[in-house]
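Me: Please take a close look at one helix in this model and at what surrounds it. I would then like the account to widen to the interior of the chain as a whole.

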Amino acid sequence: MNRVRMERRSFLKTAAQTLLAVPAVPLLNRVAGAQQTSPAKPMPTAAHAALPKPPARPAVILNVRDFGATGGGKTKDTLAIQQTIERCSALGGGEVVVPAGDYLTGALVLRSNVALRVEPDATLNGSPDMADYPLAQIRWEGHWIKGYIGFISATDAENIGLIGSGKIIGSPAVKGRVERPSGFRLPALIEFNNCRNVRVEDCYTQQFGMWSTHPVYCENVTFKNVTFKSGADGIDVDSCRHVIIDGCNFDTADDSISLKSGRGAEGNLIGRVCEDVLITNCTLADSGFACIGIGSETSAGVRNVRIEKCRFVHARSHAIFIKSRVGRGAFIEDIAATDLDVSGMGQGFLQITNTNTGKSDGDASVMGEAGIPEFRNFRFENVRVTDVPMLVDAVKMDPRKPLDGLTLENITGTCAKGMALVNVKNAHLSGIKVTGFAGPLLSTANVTGTGLEGAVKIAAPAAPPQELLAAPATPYQLH
């Protein structure tokens with residue numbers, strides 16, 4: 001194993017040591033993970049070393065009221081709050097305090113070394129006027145396009161924070177995700193682009209038709225004790241490294257958490273992997289799709305994800321949905337989940353597919369055999385399910401690149417149907433003790449491994465269409 005890969009795989013043991021503290025933002029002390037003894041590939045660990053204490057107080061503390069913010073809810077306070085942020089940055093950094101009140105504001109941009117503290121009984125309310133959100137190049141569904149910046153955003157910044165137990169609420173007048181007829185993507189609630197050392201802690205957030213929180217190309221990002229109420233996605237982790245989502249509550253209407261890395265040939269050529277993500281101690285409820293979605297925008301790859309000690313209380317589809325399609329290319333690998341409680345699922349606990357989920361890029365896809373995503377080393381253990389419609393659905397796997405390495409261990413509870421696996425090698429099943437299901441516990445086609453005794457053989461679905469497998473006449477170029 002080369003040095004780069006060793007460093008990547010050791011992240012969850014050492015992330016805390018590399019995470020720089022935002023001034024006045026408390027840091028995690030420890031998140032521990034269990035050691036594994038299965039003969040399958042070990043699950044990534046999540047042990048964090050104790051962190052040094054942050055400074056007792058930031059160098060500079062500025063109150064937005066001192067710069068003209070009214071907090072009355074009718075007059076826009078955009079300029080006053082932004083000027084406070086700018087001055088705090090100019091003075092070397094510190095904390096900008098938003099005291100109790102209702103603040104109507106357009107887009108706010110954080111600067112390096114500045115933490116924005118929204119105090120109890122304070123609410124930042126997004127403006128309904130699109131003129132209050134500048135246009136820029138933003139990432140939307142795996143492509144860079146022209147769109148409106150987030151309500152609270154930062155670009156090329158480091159050591160930034162959004163903290164405090166106040167509220168951050170988008171405008172209900174901003175409906176949907178894309179503006180018609182311009183086609184511009186509408187503002188996310190919180191968006192960080194190419195930032196390092198980011199912390200969002202203790203806030204209550206509410207968004208309506210567009211994604212709530214969207215870090216892109218970021219490194220060392222922590223969400224701690226945040227409430228996400230959203231009419232769309234909760235957090236979209238997009239081509240980021242070293243991300244911790246700890247103790248958060250999700251009430252969303254698409255994916256509560258989605259992990260992405262770009263779409264088609266554009267995302268593949270840019271090549272920014274989404275990697276080293278820890279999701280722990282969270283409660284997830286979603287009325288639109290899955291609680292945790294990995295994909296389908298995976299054209300630069302997703303790897304080294306650990307999900308632990310989470311409660312999945314509702315989803316229209318699945319607790320966890322790992323998905324891609326032919327034409328994405330790249331990989332999803334080293335996904336591990338342990339100590340989960342799952343109930344209220346519309347379709348099941350787990351679904352896995354690498355064939356046809358998500359939008360096609362047509363001629364701008366990753367062409368040829370390279371366009372078939374590779375799935376490797378998935379482990380799910382110590383899972384307690386209650387009345388899930390289906391335990392595991394993994395029938396839509398491309399026979400040309402089967403899933404290599406699937407461990408299902410110590411899964412208990414009740415389900416209406418069992419597990420269906422197609423095109424899987426190196427499967428390891430043990431301790432599956434569920435009741436209440438009709439039909440076979442395990443159905444398989446083209447599956448090898450251990451713990452498969454008694455499986456009922458089923459017909460494998462036809463291979464996906466071949467139209468993307470020819471090499472392109474002209475290689476794709478970024479444009």
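Reply: In this predicted model, the buried residues of helix α3 pack against six strands, namely β1 (61-63), β3 (94-98), β4 (101-105), β5 (108-109), β6 (114-118) and β7 (122-126). The residues of α3 that are buried are A80, I81, Q82, T84, I85 and C88. An α-helix has 3.6 residues a turn, so residues three or four places apart point the same way. The helix itself covers residues 78-90, 13 residues in total. From its first C-alpha to its last α3 reaches 18 Å, close to the 18 Å expected at 1.5 Å a residue. After the helix comes G92, whose phi is positive, near 110°.

The setting of α3 is a chain with four helices and 35 strands. Of the 479 residues in the protein chain, 58% are buried. Among contacts between residues at least 6 apart in sequence, 69% join residues at least 24 apart.

In soluble globular proteins, nonpolar side chains tend to be buried together. Here the largest nonpolar core has 106 residues, and I245, F312, I320 and I322 touch the most other members. Strand β33 (residues 419-435) gives the most to this core, with seven residues. Apart from this core lies another, of six residues, including I138, W140, A188 and M210. For F312, with its neighbours within four places in sequence left aside, the contacts are L284, C291, I292, I307, A319, I320, L340, D341, V342, S343 and M345. I320 therefore appears both among the core members that touch the most others and among the contacts of F312.

Two further positions illustrate how parts of the chain distant in sequence come together in space. T338 is placed in strand β28 (residues 331-343). The relative accessible area of T338 is 7%, under the 20% limit, and T338 therefore counts as buried. Its C-alpha atom is separated by 5.9 Å from that of F380, 42 residues apart along the chain. G368, by comparison, is placed in the loop between β29 (348-353) and β30 (374-388). G368 is also buried, because its relative accessible area is 9%. Between the C-alpha atoms of G368 and V326, 42 residues apart along the chain, the separation is 9.4 Å.

The empty space in the model can be described in the same manner. There are three cavities of 30 Å³ or more, and the largest cavity has a volume of about 80 Å³. Its lining consists of G126, Y133, F151, G170, S171, V174, P187, A188, Q207, G209 and M210. By class, this lining has six nonpolar, five polar and no charged residues. A188 and M210 belong to the six-residue core and also line the largest cavity. G126 is another residue of that lining, and strand β7 (122-126), against which buried residues of α3 pack, ends at position 126.

The largest pocket holds about 310 Å³ of space. It is lined by 18 residues, of which E141, K260, S296, E297 and K323 are the closest to its centre. The lining of this pocket divides into two nonpolar, five polar and eleven charged residues, whereas the lining of the largest cavity has no charged residues.

Methods:
Residues numbered from 1 in each chain as written. Predicted model: local features only at pLDDT ≥ 70, side-chain atom pairs only at ≥ 80, totals over all residues. Heavy atoms only, no water. 1 Å grid on protein atoms, 1.4 Å probe; cavity = no way out; pocket = protein on both sides within 12 Å on 5 of 7 lines; lining within 4 Å. Points joined across faces, edges and corners; volume = space filled by probe spheres on them. Nonpolar A, V, L, I, M, F, W, Y, C, P; charged D, E, K, R; others polar. Core = buried A, V, L, I, M, F, W, Y, C linked by side-chain atoms within 4.5 Å. Buried < 20%, exposed > 50% of the residue type's maximum accessible area, 1.4 Å probe, protein only. Helix = DSSP H or I, 4+ residues; strand = E, 2+ residues; numbered from the N terminus. Contact = heavy atoms within 4.5 Å. Expected span 1.5 Å × (residues − 1).
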